[in-house]
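Here is a brief report on a helix pair and two residues in it. Please have the sequence and structure open as you read.

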Amino acid sequence: MKNTDVVKLSDEKLADALANSRAELFNLRFRLATGQLDDPSKIGAVKKDIARIQTETRARELAAVREAEAAAAVGK
């Protein structure tokens with residue numbers, strides 16, 4: 001998943017994508033431990049996807065806080 005794809009997702013879709021990516025990472029780690037994983041580089045790719053999703057989620061949280069502070073400053 002590219003960063004441009006992550007930015008376009010809604011908050012609900014981001015939460016779903018994060019849950020799916022974490023489940024996929026768990027499955028990949030399990031397959032690695034049992035020797036069934038063909039391409040171990042998939043683990044790194046999924047970790048990067050999780051990081052992208054978490055970064056976008058945090059950026060949205062910070063933007064919401066900034067907007068609330070700006071609205072409170074205007075209201076004074």
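## Glu56

In this predicted model, Glu56 is buried, with a relative accessible area of 16%. That value counts as buried because it falls under the 20% cut-off. Glu56 sits in helix α3, which spans residues 41-75.

The side chain of Glu56 makes a polar contact with the side chain of Arg60, at 2.9 Å. Beyond its neighbours within four places in sequence, Glu56 touches Val6, Val7 and Leu14.

## The α2 and α3 pair

Helix α2 covers residues 11-33. Its axis and that of α3 come within 9 Å and cross at roughly 155°. The angle is over 145 degrees, so α2 runs roughly antiparallel to α3. The crossing is left-handed.

Many residues meet between these helices. The α2 side includes Leu14, Leu18, Leu25 and Arg29. The α3 side includes Ile43, Val46, Ile53, Glu56 and Arg60. The residues of this contact divide into 10 nonpolar, three polar and nine charged. Leu14 and Glu56, already named as a contact, are both among them.

## Ala51

Ala51 also lies in helix α3. Ala51 is partly exposed, with a relative accessible area of 36%. The label follows because 36% lies between the 20% and 50% cut-offs.

How far apart in space are Ala51 and Gly35, C-alpha to C-alpha? The distance is 26 Å, and the two are 16 residues apart in sequence.

Note on methods. Residues are numbered from 1 along each chain as its sequence is written. This is a predicted model: local features need pLDDT of at least 70, side-chain atom pairs count only at pLDDT 80 or more; totals for chains, interfaces and linings use all residues. Side-chain values use heavy atoms; hydrogens and water are left out. Helices (H or I, at least four residues) and strands (E, at least two) are DSSP runs, numbered from the N terminus. Buried means under 20% relative accessible area, exposed over 50%, partly exposed in between (1.4 Å probe, protein chains only). A polar contact is a pair of N or O atoms within 3.5 Å; within protein, one must be able to donate a hydrogen and the other to accept it, and residues adjacent in sequence count only if both atoms are side-chain atoms. Contact means heavy atoms within 4.5 Å. Axes are lines fitted to C-alpha atoms, for helices over the stretch in contact, and angles run from 0 to 180 degrees between N-to-C directions. Angles under 35 degrees count as roughly parallel, over 145 as roughly antiparallel, 65 to 115 as roughly perpendicular and the rest as oblique. A crossing is left-handed if the near helix is turned anticlockwise from the far one by less than a right angle, and right-handed if clockwise. Ala, Val, Leu, Ile, Met, Phe, Trp, Tyr, Cys and Pro count as nonpolar, Asp, Glu, Lys and Arg as charged, and the others, Gly among them, as polar.
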